[in-house]
Each structure stands twice: as C-alpha cells, then as structure tokens.
Amino acid sequence: MAVLRQDINQNIQRLEMLCNSDPSIYSNLVAILKKEADEGNARKGASCSKAFVWLARSLDFTGALLQRLVADPGQKMEQLVEESYSITLKPWHGWISTAAYKVSLKLLPDNKTFINLLMPKDETYDNLNEHVQTFISLLVPFLEEIHSILVGLQMNVF
C-alpha cells in the first residue's frame, strides 16, 4: 500500500503546488482542468489533469477495497485487493504498473493486521465497520461527481 500512498501524495502535491502558485487563478479545480484542456496540456506528462484523474482512480480503488472488506471481512486480503484492482486500476495500467502491482500483492498484510491499522485504539470492529460504511456512503457520490466532471472534459480516457 506504500506505493499507492506515495502516488497519491505526489498527485496531491502537484495540485497543491499549482494552487499555491497563484491562488487567485488556481482556486477552482474544474477551472484548472478546463484551462489545461483548452491549452492542450491535460494529457501531457506532469499535468494537474493527469494527477487528478489518477487521484480519482486511487479513490475508486480505495472505495472498492473498503466495500469488499466490509461485505466479506473473512475473505483473504489478496483476493479483496485483486478484485478491487481488476475493476478500478487494471484497465488503466500498462505492463510495468501491472507487474509492480503483482509484486505488491506479495507484501499485503493479512486482514486482521489491515483492519487493526484502520481501527483507532479502544474501538471495536463494529464501530470501524460503521465508520467505513459512512465513509463509503460519502465517497461514492463524491466520486460520481468527479467522474461526471472528467467525462464532461473528456478526461476519463487517459
């Protein structure tokens, strides 16, 4: 999960750097995406558009993984991750990223360890389950809106 976390952090930093460079111009994410699209930079190397697309995909993966974990906490972590990866990130990964993913599968913690990492001290699994379900209920509509924006800007295909 460290690789995913690092990728997410880099994408957030890319967006933050642009926003901080001139907050009066770059205060609206949709405006940033439109500007890059209009200038023909959206699909280029280190664009904020690409960073945002990959952040959305990472959140898709996270949501799918948490939904599967809550639905079937007894299922092996590797299977939960594989199913989540297959429907969220795999369609967008080339062979290098797919190979890195396969290596990372070997480094996954077991379910109990993963759940313990998510759970604050002195909290029960039932409380964690409730928090995760609340998080998912908030995340899904947010992601739907993000994907709607990306489709509208024709950024859902890269």
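How many aromatic pairs does a search of the whole structure find? I ran the search and got one. Worth remembering as I go on: this is a predicted model.

**Entry: the aromatic pair**

I looked up the partners, and they are Y85 and Y101. Their ring centres are 3.6 Å apart and their planes meet at 5 degrees, so I logged the pair as stacked. I then checked where the two tyrosines sit: Y85 belongs to helix 4 and Y101 to helix 5, so the pair links distant parts of the chain, 16 residues apart. Buried or exposed, I wondered, for Y85 and Y101? Both Y85 and Y101 turn out to be buried.

**Entry: helix 4**

Y85 made me curious about its helix, so I checked the length of helix 4, which runs over residues 77-88. With 12 residues at 1.5 Å a residue, helix 4 should span 16 Å, and I found its end C-alpha atoms 16 Å apart, which agrees.

Next I listed which residues of helix 4 are buried: M77, L80, V81, S84, Y85 and T88. They cover an arc of only 125 degrees around the axis, so they lie on the same side of helix 4. That spacing looks familiar. An α-helix has 3.6 residues a turn, so residues three or four places apart point the same way.

What do the buried residues of helix 4 pack against? I found helix 3 (48-71), helix 5 (95-105) and helix 6 (111-118).

**Entry: R57 and its rings**

I turned to charges over rings and stopped at R57. Its charged end sits over the ring of W92, 3.8 Å from the centre. R57 also lies over the face of W54, at 4.6 Å from that ring centre.

**Entry: cysteines**

How many disulfides does the structure hold? I counted zero. Why is C19 not bonded to C48? The C19 sulfur has its closest cysteine sulfur in C48, 7.1 Å away, which is too far for a bond; the cut-off is 2.5 Å. Looking from the other end, I found that C19 likewise holds the closest cysteine sulfur to that of C48. I noted their surroundings too: C19 is partly exposed, with a relative accessible area of 26%, whereas C48 is buried at 4%.

**Entry: a last look at Q10**

I closed the page with Q10, which lies in helix 1 (residues 2-21). Q10 is partly exposed, at 41% relative accessibility. Out of curiosity I took the separation from Q10 to I146: they are 136 residues apart along the chain, and their C-alpha atoms are separated by 19 Å.

Note on methods
Residues are numbered from 1 along each chain as its sequence is written. This is a predicted model: local features need pLDDT of at least 70, side-chain atom pairs count only at pLDDT 80 or more; totals for chains, interfaces and linings use all residues. Side-chain values use heavy atoms; hydrogens and water are left out. Buried means under 20% relative accessible area, exposed over 50%, partly exposed in between (1.4 Å probe, protein chains only). Helices (H or I, at least four residues) and strands (E, at least two) are DSSP runs, numbered from the N terminus. The expected span of a helix is 1.5 Å times one less than its number of residues. The arc is that of the directions from the helix axis to the C-beta atoms. Contact means heavy atoms within 4.5 Å. Rings of Phe, Tyr and Trp (its six-membered ring) pair if their centres lie within 6.5 Å; planes under 30 degrees apart count as stacked, over 60 as edge-to-face and the rest as tilted. A charge sits over a ring if NZ of Lys or CZ of Arg is within 6 Å of the ring centre and within 35 degrees of the ring normal.
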